[in-house]
Amino acid sequence: MSIVLLVGNRVTRERILRAELDVREGDTLDLAELPARLEANRRRLFNLQLFHTVLVQASCQGNGELLLLFVVQERLYTFPVPIFSIADRNFRSWLDRPDRWRRLDYGLHLVRNNFRGRNEQLTANLQLGFNPKYEVFYEAPGLGRTRRVGVGGGFSFSQSRSVDFRTFDDRLQAYRPADAYAIQRLYASGGLRLRHTVQFLTALDASYHREQILDSVNFDNANYFLSRTAREFLDFSLVSTLNQRNTFAYPLTGQYAQGLLAHRVFLNPDLPALTTLRLVYNHYFSLGHRFYYAFGLKGQARLTQALAYADARALGNDDALVRGYDAYVVDGRHYGLVQQGLSYRLFNASEIHLAGIKNSKINTIPLVAYLNLFADAGYVVAPGAPFGNQLPNHLLRSAGLGLHLVTYYDRVFTLEYTLNGLGQAGYFFRSAFPI
């Protein structure tokens, strides 16, 4: 018979944590399987991303009972973060802009993680500057005793003084009016979250969108909204995610799979519906002796009678990028992307203690460094690609060497040197694990 105790969860409600565990009070456990089972449950709690550390210990009591002790160290959950950022896809594309110093956003990004101690998230954005934006979002991944059904929703209104209205020479070209916003966007969304298991989740969402551009944008590129200056549509999406990675920030073992099916219905007359299918699969291997290998596949298909320029993004953004082509965008209906990397752990400092700071939530900084050798390849299918763009319907490839740092609050920073298929080389900085 087992007894389960949780220690250290001052904010997090105990029933939220017990719902993640597959061991219950009174369970009879096989001692041969106990170490692996306890480690799996420790990772489940750690991957909630609510704690700095999660420790587990098992001990036999005199009466024959097995005591399972889970000790957690909670993070800070409220983050008022000042916004001061560039108004472009990445740092390299921002540097290419002649008006780069005007393309800055500022404001306040407020996140409350573990809201009410129930692993809910409340997010608000007040952004001014080049792209004013006002947003609020709420996510409750699981409600009730079993934590199997949750909800999510939000509202966003944004404006921009510039809009990338076409792609020429595989680069975005911007239009900026003198005294008006080039584009405005508004949307509201809501949906259900279904937790089949701790590692298998499904999200069902519906959202309303309204977008408007200036007449000048439509004049310069009539395909931007298919000869319209405004459009309204409803999006319906189904996303299923299987997440069996050992950690979410910088996974070393396990696998990750996600499938998305989305259908867009336009409220404007004569605009054809748009269906999108996207598949992602990543696998992570430990090779021993501090070596790790990661392999990722991503593909997307769009089905419609006519695809607007605004919906034609394929490769060239943070979600789908052949590394080394950061300065370019590749538009099209469909794409495929293959990424792989071989990592070697240089060191694991575990915890760097900051003298003079008594708060245990912020006085230790974890730091792990990896040397990474990688190669990417991608292809975009773009029937009738506009004249002047060379990258659609051509194989994109790159290889490079990177230094990856994993640190505070699951932050990952990478510095990479990459050579692409065009013979161009350069250094690139990123703030996320690329696979």
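## Exercises on cavities, a serine and a core

By class, nine nonpolar residues, two polar ones and no charged ones line the largest cavity. Here Ala, Val, Leu, Ile, Met, Phe, Trp, Tyr, Cys and Pro count as nonpolar, Asp, Glu, Lys and Arg as charged, and the others, Gly among them, as polar. A cavity is a set of points on a 1 Å grid over the protein atoms alone where a 1.4 Å probe fits but cannot get out, and lining residues have an atom within 4 Å of a point.

The model is predicted, so local features need pLDDT of at least 70 and side-chain atom pairs pLDDT 80 or more, while totals for chains, interfaces and linings use all residues. Residues are numbered from 1 along each chain as its sequence is written, and side-chain values use heavy atoms, without hydrogens and water.

### Exercise 1: The largest cavity

Find which strands each supply at least two residues of the lining of the largest cavity.

*Solution.* Start with the search of the whole structure, which finds four cavities of 30 Å³ or more. The largest holds about 60 Å³ of space, a volume being the space filled by probe spheres set on the grid points, which are joined across faces, edges and corners. Next, look at its lining, which includes Tyr250, Tyr284, Tyr292, Ser343 and Phe433. Now place the strands: E15 (274–288), E16 (291–303) and E19 (334–348) each supply at least two lining residues. E16 gives the most, with three. Strands (E, at least two residues) and helices (H or I, at least four) are DSSP runs, numbered from the N terminus.

### Exercise 2: One lining residue up close

Work out whether Ser343 is buried or exposed, and which side chains make polar contacts with its side chain.

*Solution.* First locate Ser343 in strand E19. Its relative accessibility is 6%, so Ser343 counts as buried; buried means under 20% relative accessible area, exposed over 50%, and partly exposed in between (1.4 Å probe, protein chains only). Then list its contacts (heavy atoms within 4.5 Å): leaving aside neighbours within four places in sequence, they include Tyr250, Tyr292, Tyr370 and Asn372. Finally, pick out the polar contacts, with the side chain of Tyr250 at 3.3 Å and with the side chain of Asn372 at 2.8 Å. A polar contact is a pair of N or O atoms within 3.5 Å; within protein, one must be able to donate a hydrogen and the other to accept it, and residues adjacent in sequence count only if both atoms are side-chain atoms.

### Exercise 3: Two positive phi values

Decide where Gln49 and Leu226 lie.

*Solution.* Take Gln49, which is not a glycine yet has a positive phi of about 60°. Gln49 sits in the loop between helix H2 (34–46) and strand E2 (51–60), and it counts as partly exposed because its relative accessibility is 37%. Turn to Leu226, whose phi is near 55°. The loop between helix H4 (215–220) and strand E13 (230–243) holds Leu226, which counts as buried because its relative accessibility is 18%. Leu226 also helps line the second largest cavity, of about 40 Å³.

### Exercise 4: The largest nonpolar core

Name the element that gives the most to the largest nonpolar core.

*Solution.* A nonpolar core is a set of buried Ala, Val, Leu, Ile, Met, Phe, Trp, Tyr and Cys residues joined through side-chain atoms within 4.5 Å. The largest has 18 residues, of which Leu45, Phe51, Leu68 and Phe70 touch the most other members. Strand E1 (2–7), H2, E2 and strand E3 (66–74) give two or more residues each. E3 gives the most, with four residues.

Methods:
On a 1 Å grid over the protein atoms alone, a cavity is a set of points where a 1.4 Å probe fits but cannot get out, and a pocket is an open set with protein on both sides within 12 Å along at least five of seven lines; lining residues have an atom within 4 Å of a point.
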